[in-house]
Amino acid sequence: MKNVKRVLAMVLALVLCFCLLSGCGGGQNETTPAGSQQSGGETNAPAPDHKVRDDLNIALTDAPVTNDPHGNSKDMTQQLSHWVYDGLILVSGDGTIRPGIAEYKVSADGLTYTFTIRNGVKFHNGEEVTPEDVVWSIERCTDMAYYKNYTASFTDVKKTGDKEVTITLKNPDNALLYNLYRIKILNQSKVYEIEGITEAPKIEAFSDKTDADGKTVTAEKQWKEAYYVEKPSKFGSVAEDAGAGPFTIKSYDKDRLIELEKFADYYDTANTGNIKTVKINIITENSTRYNALLTGDLDMVQVPSANWEQVVATGKFNTLAQESATICTMIVNHYREGSPLGNKLVRQAIRYALNREAIVKSAAKGMGVVAYTLYNPKYIIGSSTVNEGTYEYNVAKAKELLAQAGYPDGFTLEQKFLVPKTGDSVSVAEVIQQMLKAVGIIVELDQKDSSTASSESKTGSQDLYLTNSNYVFHMSDGSRAMHSRTLKTQVAKYALLPNNEGETLDRLYDSAQAATTDAERDKLYGELNEWLNDQSINIPIYYHVKGFAWDKNLDADLSNPYYLYIQYWSWK
Amino acid sequence: MWRYVVKRLLLLIPVVLGAILIIFFVLSFSKGTPAEILLGPGFTQEEYDAYNEELGFNDPFFVRYFRYVGNLLKGDFGTSYYYKTTVWSELKDRIPISLRTTFMALAMAALIGVPLGVLTAVKQYTALDTIPTALAMVFAATPVFWLGMLLMYFFAVKLGWFSTLSTGKFSDLILPTLALGLPHAARQMRFTRSSMLEAIREDYVRTARAKGCRERSVIWHHTVKNALLPVITVIGNSFGAMFGGTVIIEKLFVVNGIGSLMVKGIGNRDVPIVTGCVVIIALVYSFVTMIVDILYAYIDPRTKARFIK
């Protein structure tokens with residue numbers, strides 16, 4: 001009996017050790033050069049009788065909220081919309097803009113855009129796209145919470161020919177084409193029907209009027225608003241065949257599996273790959289997606305940072321570490337009365353105190369690229385004049401600035417450092433906390449779930465706030481988050497800077513968005529970035545690097561950092 | 001007996017109302033409004049207020065509470081702030097999934113845990129006691145998430161016996177059932193063993209042996225029947241823990257149950273969704289507890305006598 005007990009004790013001890021060891025592991029990931037492609041070994045040439053696949057299995061990290069492309073701006077909803085719906089403008093796999101459903105001309109003053117719908121462009125139900133559908137789709141956006149900002153500069157949208165639509169603007173808007181990319185064209189007759197029309201007044205009972213923003217609201221629009229109702233749809237909130245994009249929706253279990261089929265009559269035939277059916281699995285758990293890639297259940301995944309080195313080492317997949325537009329920043333509360341953070345020298349000192357390379361290497365597991373500016377000039381309408389090396393790590397400089405500001409021994413912040421408990425944020429915040437301590441700035445961490453942190457951040461109850469933001473390529477997103485018109489809901493609150501300094505931000509945004517030439521825009525956004533850097537309120541830390549791995553027989557262009565463009569992918 | 005059943009069913013009402021009140025209270029006074037979370041950054045305060053108004057979130061707490069209860073009595077769970085569809089349409093497909101996962105795990109836990117518990121008690125101080133007890137300690141202490149990842153790694157990735165994704169086949173249920181059920185099987189085994197050891201030392205067992213009953217009869221007719229009473233309660237409580245706690249398994253094995261819906265609803269401050277989930281969980285749990293109590297009455301003549309006068 002004693003021997004049995006001894007043996008058992010040893011077995012148990014071994015099991016416990018195994019448990020402990022299996023919990024460790026996943027060493028430091030080295031950052032591969034952003035945008036570089038690694039094959040990780042020899043490519044296996046397909047055998048002569050190799051059957052080329054035409055199906056694709058991928059995963060989204062979260063479920064789309066709706067299949068209505070105008071119904072929500074969250075990433076996964078947008079991702080699905082880019083596969084199923086097209087707009088007047090398309091974006092190629094490498095992120096360049098080109099005409100979509102329509103060709104376009106721009107007037108010399110940049111105030112009038114004329115779109116001519118291409119011949120043979122059809123919706124998934126076979127009906128041709130008409131100017132009425134285009135006008136209705138754009139007008140629909142003016143009533144949708146997420147999209148009204150994209151049409152904010154529009155004075156008028158109207159049909160001006162058999163296949164022509166003209167958009168007139170209040171002022172030039174260099175983000176317009178990117179905004180139009182987001183506004184998908186829907187088949188009006190598939191989305192709405194008229195209810196109770198036999199009893200309702202005729203359209204003649206309405207007349208055109210001008211609303212508070214100076215826009216014309218047509219009689220037809222008013223009549224439709226009074227009597228149109230949404231049709232019940234087989235899937236989600238929009239009919240499954242109301243789009244004109246490269247894929248149609250075959251099935252839609254939005255929290256589990258969405259199946260797409262290639263649209264046989266898709267107009268853009270020169271630019272599509274050979275994928276005919278797509279299964280989009282909704283898998284929120286990183287490890288499950290990664291395991292599914294290893295078993296071949298998925299053909300492509302975004303690899304969790306903890307598994308990046310492992311997947312590269314297997315040599316079984318094509319891999320790409322892609323710098324993204326998601327940026328980790330720390331926002332400083334500059335407007336709390338009596339706070340040392342109200343002094344620009346102190347904020348600049350904080351910036352010099354941060355060793356961003358060390359933060360990326362340690363806290364972000366190497367999956368990041370040091371950021372010098374909020375707006376990555378590679379991926380958005382940014383500026384080529386950004387100065388790399390701005391505010392490089394320099395403890396001596398940080399202490400010198402603190403001394404100049406009247407804090408030679410540093411200080412303790414009264415309010416906390418708010419950190420959302422997502423991804424690597426907590427690790428990053430802990431490293432930053434230590435770096436600030438090294439220059440004499442003491443602050444306590446306050447970790448909250450992301451929804452609570454996001455809400456609290458707007459109240460000013462924290463002194464520092466770590467956030468990850470996705471500044472997509474059109475500047476309307478950036479300006480909305482910082483312009484004084486959204487002051488009450490901002491975190492950075494530039495408009496509260498003393499001596500009306502915040503007006504500089506509005507002025508630079510508005511003039512940059514209205515710039516009519518690339519050179520002018522580049523210069524103005526350069527000034528904007530310089531001003532933002534100087535203020536050091538929203539301190540850029542690093543751009544997230546996303547790691548992708550995919551089947552070696554799949555020719556996938558992943559150079560666009562925002563969305564996957566599977567319509568351009570092909571199996572070899 | 002029927003009076004008892006009706007009485008228990010009526011008791012469900014204050015339980016559910018209390019659960020709804022707590023959820024409303026917690027979500028109403030948590031930081032963040034649905035508009036801020038659903039719209040995201042970059043909107044004016046007026047736009048957020050208008051959206052909250054549209055959702056009915058700006059109404060006073062008790063107005064919303066009584067409106068919800070009133071609608072619930074008519075079978076209306078409300079409309080999701082996030083999905084913009086009825087809460088019931090989100091729930092109706094997920095309830096059977098969660099119930100199936102939970103019942104399978106519970107059945108597995110009971111079918112493994114109870115017989116093993118009996119065996120280890122009867123064969124106390126032998127290898128048939130020591131080894132299962134040791135394993136039970138390990139599994140009882142193992143976090144469900146970690147066990148699930150381990151099972152997926154070995155059986156799906158390494159051995160390729162199962163798919164990592166949900167394919168609609170029966171085999172998809174095996175790994176989630178094991179991950180959820182094994183820790184509970186371990187706990188039930190230990191509890192059954194403990195209960196058996198207590199019962200086996202009772203005077204009536206000694207009397208049965210003294211009367212010359214066969215050992216099998218002593219164990220199964222005298223000891224197990226008495227030892228099983230507290231075990232049934234534990235099994236019933238396990239159901240509650242499993243049903244409400246399937247969220248971890250659902251996330252890992254891509255199972256769309258009620259747990260993952262509730263967690264998502266909490267993150268989005270989607271009060272109708274969270275309240276709907278809590279109502280369902282409270283109803284199911286109360287119903288199962290009632291079944292357990294009724295079973296008690298059938299198994300234990302003393303309890304039965306109390307209800308049948």
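This passage walks through the two chains, the interface between them and the salt bridges. The model is a predicted one, and everything below should be read in that light.

Chain A comes first. Its 572 residues are organised into 16 helices and 26 strands. Buried residues account for 54% of the chain. When contacts in chain A between residues at least 6 apart in sequence are tallied, 73% turn out to join residues at least 24 apart. The accessible surface of chain A is about 23700 Å², with 49% of that belonging to carbon and sulfur atoms.

Chain B is built from 15 helices and has zero strands. Its C-alpha trace spans about 85 × 60 × 30 Å along the principal axes. Half-and-half is a fair way to put its burial: 50% of the 309 residues in chain B are buried. Of the chain B contacts between residues at least 6 apart in sequence, 74% join residues at least 24 apart. The chain exposes about 15100 Å², and carbon and sulfur atoms supply 68% of that area. On the charge side, chain B carries 31 positive and 20 negative side chains, and the centres of these two sets sit 15 Å apart.

Now for the place where the chains meet. Here 44 residues of chain A are in contact with 42 residues of chain B. The area buried between chain A and chain B is about 3800 Å², and carbon and sulfur atoms give 58% of it. On the chain A side, A:Asp255, A:Arg256 and A:Thr489 supply 13% of the area that chain A buries against chain B, more than any other three residues. A:Asn291 offers a closer look at the contacts. This residue is found in helix H7 of chain A, which covers residues 286-295. Leaving aside neighbours within four places in sequence, A:Asn291 is in contact with B:Met152, B:Val157 and B:Thr164. A:Asn291 has a relative accessible area of 8%, so it counts as buried.

Charge pairing also crosses the interface, where three salt bridges are found between chain A and chain B. One salt bridge in the model joins B:Lys264 to A:Asp255, with the closest N and O atoms 4.0 Å apart. That pair belongs to a wider arrangement, as A:Asp62, A:Asp255, B:Arg94 and B:Lys264 are linked in a network of salt bridges.

Over all chains, the count comes to 24 salt bridges. One of them, between A:Asp268 and A:Arg98, has its closest N and O atoms 3.0 Å apart. This pair ties together distant parts of the chain, 170 residues apart: A:Asp268 lies in the loop between strands E14 (257-262) and E15 (277-282), and A:Arg98 lies in strand E4 (residues 97-99). Both A:Asp268 and A:Arg98 are buried.

A local pairing in chain A involves A:Glu527 and A:Lys523, whose side chains meet in a salt bridge at 3.2 Å, N to O. The two residues share helix H16 (residues 518-535) and are four residues apart, about one turn of the helix. A:Lys523 is exposed because its relative accessible area is 53%, whereas A:Glu527, at 32%, is partly exposed. In chain B, the side chains of B:Asp93 and B:Lys92 also meet in a salt bridge, with an N to O distance of 3.9 Å. B:Lys92 has 39% relative accessibility and therefore counts as partly exposed.

Terms used
Residues are numbered from 1 along each chain as its sequence is written. Chains are lettered from A and ligands numbered from 1 in the order in which they are written. This is a predicted model: local features need pLDDT of at least 70, side-chain atom pairs count only at pLDDT 80 or more; totals for chains, interfaces and linings use all residues. Side-chain values use heavy atoms; hydrogens and water are left out. Buried means under 20% relative accessible area, exposed over 50%, partly exposed in between (1.4 Å probe, protein chains only). Contact means heavy atoms within 4.5 Å. Accessible areas come from the Shrake-Rupley method with a 1.4 Å probe; for residues, only the protein chains shown count as cover. Lys and Arg count as positive and Asp and Glu as negative; His and the chain ends are not counted. The place of a charge is taken as NZ of Lys, CZ of Arg, CG of Asp or CD of Glu. Buried area is the accessible area (1.4 Å probe) that two parts lose on being put together, summed over both.
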